[in-house]
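This briefing goes through a single chain, beginning with individual backbone positions and then turning to the fold as a whole.

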Amino acid sequence: NWKSRPSDVVVAVPPKSGTTWLLQIAHQLRMKGAWGGTADFEDQMDVVPMLEGGPASLLPGNDFNKEQLGLPRVFKSHLRYQTCPDNVKRIYCFRDLRDVLVSDWHFTSSIVASEIPLSAFALLRVVPGGVDRALNNLCDWWEHRHDPNVCFFFYDDLAEQHLDSVIRVQNFMQVDG
């Protein structure tokens, strides 16, 4: 039931590849540096809804179409290029898959008690086609990296050229500094 607007920004980044980082950049830019304005919040999901749902979508009053704290509206997503709405602005970031794997392993082990070593965890991710899916997704986004409604990043560039990356996001979102 989401009624997208051309000014909406979808941060469509694969898991463990800079989603939270880019959402924070986008949120801070639209809020002109204010954390939540007059509204306090504990979690980013309180002010940036996830298009695919997740636990936050079950909360009462969760409505993708409502106004957000700032403009433009920003949405979190892990959608692939083909399934991401094309009538919105889309930010994508690719991270080296080795780094994704290590990040995912640390994240998973922090929420699920397990003694699984990284090598076994990697095997569970690689064998079912995780690398192929990730590289196919990268190729799909890469073909559209110059589209006016796509802002394409590499994770390492976000880290090494942070200020330039923030300025790129600001210009892409068309928000004042």
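Lys 32 is exposed in this predicted model, with a relative accessible area of 54%, which lies over the 50% cut-off used for that class. Its phi is near 55 degrees, a positive value in a residue other than glycine, and Lys 32 belongs to the loop between α1 and β2.

**Backbone features in the loop and after the last-named helix**

- The loop that holds Lys 32, between α1 and β2, is also the place of Pro 72, and the flanking elements cover residues 19-30 for α1 and 74-77 for β2.
- The peptide bond that leads from Leu 71 into Pro 72 is cis, its omega being near 0 degrees.
- A positive phi in a residue other than glycine is found for Gln 174 as well, where the value is near 60 degrees.
- Gln 174 sits in the segment after α6, a helix that covers residues 162-173, and Gln 174 is exposed because its relative accessible area of 66% is over the cut-off of 50%.

**Secondary structure**

- The chain contains 6 helices and 4 strands, and their order, read from the N terminus, is β-α-β-β-α-α-α-β-α-α.
- In that order, a strand comes at the start, and two helices follow the strand that stands nearest the C-terminal end of the pattern.

**Overall dimensions and packing**

- The radius of gyration of the chain is 17 Å, and this agrees with a compact globule, because a globule of 177 residues would be expected to have a value near 16 Å.
- The C-alpha trace spans about 45 × 40 × 35 Å when it is taken along the principal axes of the chain.
- Of the 177 residues in the chain, 41% are buried, a class that requires a relative accessible area under 20%.
- When contacts are restricted to residues at least 6 apart in sequence, 73% of them join residues that are at least 24 apart.

**Surface and charge**

- The chain exposes about 10100 Å², and 57% of this area is supplied by carbon and sulfur atoms.
- The chain carries 17 positive and 22 negative charges, and the mean position of the positive charges lies 4 Å from that of the negative charges.

Methods: Residues numbered from 1 in each chain as written. Predicted model: local features only at pLDDT ≥ 70, side-chain atom pairs only at ≥ 80, totals over all residues. Heavy atoms only, no water. Rg over C-alpha atoms; globule rule 2.2 N^0.38 Å. Buried < 20%, exposed > 50% of the residue type's maximum accessible area, 1.4 Å probe, protein only. Contact = heavy atoms within 4.5 Å. Areas by Shrake-Rupley, 256 points an atom, 1.4 Å probe, with all protein chains shown as cover. Lys, Arg positive; Asp, Glu negative; His and termini not counted. Charge placed at Lys NZ, Arg CZ, Asp CG, Glu CD.
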